[in-house]
Amino acid sequence: MSRRPVSIRVFLTLWFAGAVAGVLFVFALGTYSLVRLNLDHRLDERLADQAEGLVNIIRDNRRSSSIRRDIDDVEESEILPLFQVRQDGEEFFTSRDWRHVGLDEALGDVSVDSSWVWTSAEGRRFRVHTLTDIHNRTHNTYAVTVAEDVEAAMGTLRSLEAFMVGGFLVGLLLALAGGYFLAGRVLRPVDEMATAAEAITARSLSDRLPVRNPDDEFGRLAIVFNQVLERLEGSFEQLRRFNTDVSHALRTPLTALRSTGEVRLQEGGDVEQLRETIGSMLEEADRLRVLVSNLLALARAESGDMAQQTEELDLSALGTEVTESLAVLAEEKDQSLSVEAEGHVTAEADRDGIRHALINLVDNAIRHTPEGTRIRVRIFRSEQGDAVIEVEDDGPGIPRADQERIFERFHRVETEQHHPAGAGLGLAITRWLVSMNGGRVEMESVPGEGSTFRILLG
Amino acid sequence: MNILVVEDEQKVAEAICSGLEAEGYEVVHAATGEEGFYLALSRDFDMLLLDLMLPERDGLEILRSLREKDRQVPVLILTARDSVKDRVKGLDLGADDYLVKPFAFPELLARIRALLRRGRTDQVLRLKQGDLEMDLLTRRVSREEEEIHLTDREFELLEYLLRNAGHTVSREMLARDIWEEPDRLTPIDNVIDVHIARLRKKVDRPFEQPMIHTVRGVGYVLKEPAA
């Protein structure tokens with residue numbers, strides 16, 4: 001099932017359309033104002049020209065009667081519908097349309113050249129322009145007033161308005177549609193990733209998301225997601241192996257326990273034989289107990305649910321104590337176990353944890369090296385300032401193939417000698433104990449020459 | 001001595017009861033928390049073995065109610081929960097000791113003995129078992145009047161075996177009480193075995209009858225040689 005990222009898509013579309021609408025609006029407003037200003041200006045100019053034209057006609061005539069005749073011609077030509085001429089303040093000629101509109105009301109002081117706007121009772125607006133002139137023959141003062149309906153002059157503006165509203169709406173619709181389409185296109189990789197991610201389950205962790213373009217944002221996202229999957233797959237694999245290992249490790253002592261009991265029950269025997277069998281079964285039970293306790297301890301260490309008491313720990317003293325405590329084991333194998341401390345080395349750490357870790361390492365060295373070898377425990381401070389406990393042996397070393405995995409749970413090095421003890425948890429526990437104290441465990445081993453394990457505490 | 005065992009797991013209960021009876025204790029068993037609480041209130045016991053996870057009434061709840069009613073009977077908790085938090089909670093509520101399952105039976109017996117002994121300070125200066133003698137003041141050990149020289153560790157080990165003479169001690173008990181290992185996971189079983197072997201060499205080898213015996217799968221026991 002594919003879920004579409006509707007909200008983001010709509011969100012992007014609205015933002016896009018909003019931006020387009022804003023730009024369109026500003027542009028339209030600018031255009032409209034410009035055109036309007038321009039039209040206004042042209043109207044003024046035209047009126048001024050017309051008034052001057054009339055004044056020129058008046059000037060060209062010598063008598064009032066010929067003036068009237070020429071003006072009459074002007075009206076007849078219908079070039080100029082609205083005008084009035086006053087002679088010495090008295091009405092001299094008024095066009096029909098002027099009278100019809102009733103523009104007389106618009107007249108103010110006609111003795112001065114001026115220009116204004118008058119609004120009629122019906123709401124029509126007129127631009128009115130007055131020009132006065134004294135006739136050089138008759139010495140009459142003529143006031144010429146011309147007017148024009150603003151609305152008619154602004155007809156262009158009306159159609160511009162209509163065009164703009166229409167254009168704005170069409171533009172907005174286009175922006176919405178285009179935005180929706182674009183957002184969908186941009187978000188498609190996300191959608192695809194979601195679909196692909198949904199198909200990935202614990203069983204198909206090896207699947208990866210498609211990376212279309214590793215350089216763009218979505219490509220990077222897919223790459224990061226794939227890296228997360230990679231790590232997840234790794235831990236799942238580990239977990240799976242761990243589960244198998246645990247079942248195996250539990251099954252071995254359980255099988256021994258069961259078959260020992262079954263065989264004895266079938267064969268019967270005297271009290272001493274029964275005792276032997278029960279003892280053997282108890283030994284297996286104890287192996288199970290140790291195994292389960294170890295697993296529990298590891299689980300706790302991993303979930304961080306472990307009691308820690310950090311103190312200023314004297315590593316030199318700890319090394320000596322552990323070595324002395326395990327010395328008997330080395331003696332039994334005729335190994336030389338020595339401890340040397342360079343000065344007084346201390347670290348902030350949990351005593352029980354580090355002690356356990358060190359016992360594990362020394363015990364391992366004693367167990368895994370043959371008789372008569374040498375094991376050295378050294379305690380010193382490294383050049384980097386770490387407190388170091390080093391356990392070095394000259395035993396057979398660890399095969400290269402095992403070196404990588406030696407700290408993993410249940411990993412056991414296959415050797416010719418069989419070491420019955422241990423389920424392969426010792427080093428895993430050691431590493432956990434040390435890392436819980438903010439330190440790390442290092443290992444160096446050369447097959448045939450020996451191994452060195454180091455606990456480093458910062 | 002009578003002991004009340006409150007434990008719902010039937011097999012575990014049977015094993016504990018018959019084991020305790022074999023040791024000479026009188027045992028009463030309660031299979032549910034309710035029954036255990038009723039018995040603990042209505043009768044007098046010298047000691048209570050209390051499982052924590054019980055049907056009907058939780059072990060900790062029983063313990064709390066008992067202590068609220070001022071019953072001072074010693075209580076030993078048996079539980080599979082071994083986080084420090086659980087342990088502290090149990091002891092805070094007035095438990096006298098705490099034993100984590102799976103436990104070794106000798107360990108349970110030793111804890112019970114210790115709890116029942118509590119309050120009676122028996123200052124022993126000499127330990128004696130058959131012809132084996134130990135003087136705790138002079139730290140002299142002898143068998144058949146012949147002095148045996150022991151290292152400090154061997155001395156402690158033998159003292160522990162002598163104090164528990166006739167009773168089996170598990171490796172876990174030795175690890176905790178002699179080696180003071182806080183953690184049952186540290187691999188020192190081998191160390192214990194080696195020390196026991198050395199102790200035997202000194203205490204048993206030169207003499208006719210061995211006194212230190214291995215109880216396979218459990219631990220060790222020091223016994224007076226059968227005449």
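Analyst: Ground rule up front: a crossing counts as left-handed when the near helix is turned anticlockwise from the far one by less than a right angle, and as right-handed when the turn is clockwise. We're looking at a predicted model, where local features need pLDDT of at least 70, side-chain atom pairs count only at pLDDT 80 or more, and totals for chains, interfaces and linings use all residues. Residues are numbered from 1 along each chain as its sequence is written, while chains are lettered from A and ligands numbered from 1 in the order in which they are written.

User: Which hand does the crossing of H2(B) past H3(B) have?

Analyst: Right-handed, so by that rule the near helix is turned clockwise from the far one. Helices here are DSSP runs of H or I with at least four residues, strands are E runs of at least two, and both are numbered from the N terminus.

User: What makes H2(B) and H3(B) roughly parallel or not to each other?

Analyst: Their axes come within 10 Å and cross at roughly 20°. Axes are lines fitted to C-alpha atoms, for helices over the stretch in contact, and angles run from 0 to 180 degrees between N-to-C directions. Under 35 degrees is roughly parallel, over 145 roughly antiparallel, 65 to 115 roughly perpendicular, and the rest oblique. The two helices therefore land in the roughly parallel class.

User: How do you know which residues of H2(B) and H3(B) meet?

Analyst: Contact requires C-beta atoms, placed from the backbone, within 7 Å. On that basis B:Gly33, B:Gly36, B:Phe37 and B:Ala40 in H2(B) meet B:Gly59, B:Ile62, B:Ser65 and B:Leu66 in H3(B). The residues of that contact divide into four nonpolar, four polar and no charged. Gly counts as polar in that scheme; nonpolar is Ala, Val, Leu, Ile, Met, Phe, Trp, Tyr, Cys and Pro, charged is Asp, Glu, Lys and Arg, and the others are polar.

User: Why do strands E2 and E5 of chain B stand at the edges?

Analyst: The open sheet runs E2-E1-E3-E4-E5 in chain B, with parallel pairing. E2 (26-30) and E5 (97-100) each have a single partner strand, so one side of each lacks a neighbour in the sheet. The twist averages 20° from one strand to the next.

User: What makes E3 and E4 of chain B a pair?

Analyst: Pairing takes at least two DSSP bridges. Four bridges join E3 (residues 47-51) to E4 (residues 75-79) in chain B, so the pair qualifies. B:Leu48 stands opposite B:Val75 in E4(B).

Terms used
Contact = placed C-beta atoms within 7 Å.
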